[in-house]
Amino acid sequence: MLFILLMNTTLKEKSKKIIIAVTGASGSIYAYEAIRMSIKSEAVKEIALIFSSYGEKVWKYENMTIPVSEKLTFFSNEDLFAPPSSGSALYDIMFIIPCSMGTLGKIANGIADNLITRAADVMLKEKRQLWLAIRETPYNSIHLKNMKTVVDAGGGIFPLSPFFYHHPQEIADLIQPLVSRLLHLAGIVEPIIQWKK
């Protein structure tokens, strides 16, 4: 089995408006890479960035910084008047990365009591892309039921489970290929690692 490492990670498509939400699960580095790669991608013209209160606390605790870009617009999770709360704002894709089990549970049960869960509800009702990058382990039956409910409603579940067949040497070698795989599913970048026959 062989793989190739791709350096050009930009897809030639219509520029997209995306939402990246960060909730209170460990793994802020995944969100950082998603933000960084989205900023660099020509396929993304605008990024709405939303932190839950605990997402922000975990982000600071894990010593992450926010990349600087004109593409980024910050919205408070308490602001239900913000553009991501309306389908008419025409966001194309939403990522919740990492997605806590509490956030998953709210989305699965239609509880839109903050901007993150409202925006996710909008993506589902408008038949647009919603990706929940979950990091919790192990799962209980409630988690699994909620995941199935979201998938049945049109969303996607993406477990943050790194792979090792490319012989990673450092943390970035685990994080970046996985995040690029997630963003590729949404048409934003090419995956860093691809199998080749």
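Trainee: Which residue follows α6, and what is its phi?

Mentor: Gly-187 comes right after α6, and its phi is positive, near 80°. One caveat before we go on: this is a predicted model.

Trainee: What makes a positive phi worth a remark in a residue other than glycine?

Mentor: Most residues other than glycine have a negative phi, so a positive one goes against the general pattern. Leu-90 is an example, with a positive phi near 60°. Lys-127 is another, also with a positive phi near 60°.

Trainee: Where do I find Leu-90, and where is Lys-127?

Mentor: Leu-90 sits in the loop between β4 and β5, while Lys-127 belongs to the loop between α4 (115-125) and β6.

Trainee: Why is Leu-90 called exposed?

Mentor: Exposed means over 50% relative accessible area. Leu-90 has 52%, so it is exposed.

Trainee: And Lys-127, is it buried or exposed?

Mentor: Its relative accessibility is 70%, and the cut-off is over 50%, so Lys-127 counts as exposed.

Trainee: What about the peptide bonds: how do you know that the one from Ile-97 to Pro-98 is cis or trans?

Mentor: Look at omega: for the bond from Ile-97 to Pro-98 it is near -10°, and the bond is cis. Pro-98 itself is part of strand β5. There is also a cis bond from Thr-137 to Pro-138, with omega near -5°. Pro-138 is in the loop between β6 and α5 (141-152). As a general matter, most peptide bonds are trans.

Trainee: Staying in β5, why is Cys-99 called buried?

Mentor: Buried means under 20% relative accessible area. Cys-99, in strand β5, has a relative accessibility of 1%, so it counts as buried.

Trainee: Which residues is Cys-99 in contact with, leaving aside its neighbours within four places in sequence?

Mentor: Thr-23, Leu-104, Leu-132, Ala-133, Ile-134 and Arg-135, each of them in contact with Cys-99. For scale, Asp-113 is 14 residues from Cys-99 in sequence and 16 Å from it in space, C-alpha to C-alpha.

Trainee: What makes Thr-103 count as buried?

Mentor: Its relative accessibility is 11%, and the limit is under 20%, so Thr-103 counts as buried. Thr-103 is in helix α3 (residues 101-108). Beyond residues up to four places away in sequence, Thr-103 touches Thr-23, Ile-96, Ile-116 and Thr-117.

Trainee: Why is Ser-38 called buried?

Mentor: Ser-38 has a relative accessible area of 0%, and under 20% is what the term asks for, so it is buried. Ser-38 is in helix α1. Among the residues it touches, not counting those up to four places away in sequence, are Ile-18, Ile-20, Val-44, Ile-47 and Leu-183.

Trainee: How do you know that the span of α1 is close to what is expected?

Mentor: Helix α1 covers residues 28-40, which is 13 residues. From first C-alpha to last it reaches 19 Å, close to the 18 Å expected at 1.5 Å a residue. Helix α6 gets a similar check: its 15 residues reach 22 Å, close to the expected 21 Å.

Trainee: What do the buried residues of α6 pack against?

Mentor: They pack against α1, β5, β6 (129-134) and β8 (193-196). The buried set in α6 includes Ile-175, Pro-177, Leu-178 and Val-179. On the α1 side, the buried residues pack against β2 (16-22), β3 (44-51), α2 (53-61), β4 (72-76), β5 (93-99) and α6 (171-185). Tyr-30, Ile-35 and Met-37 are among the buried residues of α1.

Trainee: Zooming out, how many helices and strands does the protein chain have?

Mentor: It has 6 helices and 8 strands, in the order β-β-α-β-α-β-β-α-α-β-α-β-α-β along the sequence.

Trainee: Why is the protein chain called as compact as a globular protein of that length?

Mentor: Its radius of gyration is 16 Å, close to the 16 Å that the globule rule gives for 197 residues, so the description fits. The C-alpha atoms fill a box of roughly 45 × 40 × 35 Å along the principal axes.

Trainee: What share of the contacts with a separation of 6 or more joins residues 24 or more positions apart?

Mentor: That share is 79%. As for burial, buried residues make up 50% of the 197 residues.

Terms used
Residues are numbered from 1 along each chain as its sequence is written. This is a predicted model: local features need pLDDT of at least 70, side-chain atom pairs count only at pLDDT 80 or more; totals for chains, interfaces and linings use all residues. Side-chain values use heavy atoms; hydrogens and water are left out. Helices (H or I, at least four residues) and strands (E, at least two) are DSSP runs, numbered from the N terminus. The radius of gyration is taken over C-alpha atoms; the globule rule is 2.2 Å times the number of residues to the power 0.38. Buried means under 20% relative accessible area, exposed over 50%, partly exposed in between (1.4 Å probe, protein chains only). Contact means heavy atoms within 4.5 Å. The expected span of a helix is 1.5 Å times one less than its number of residues.
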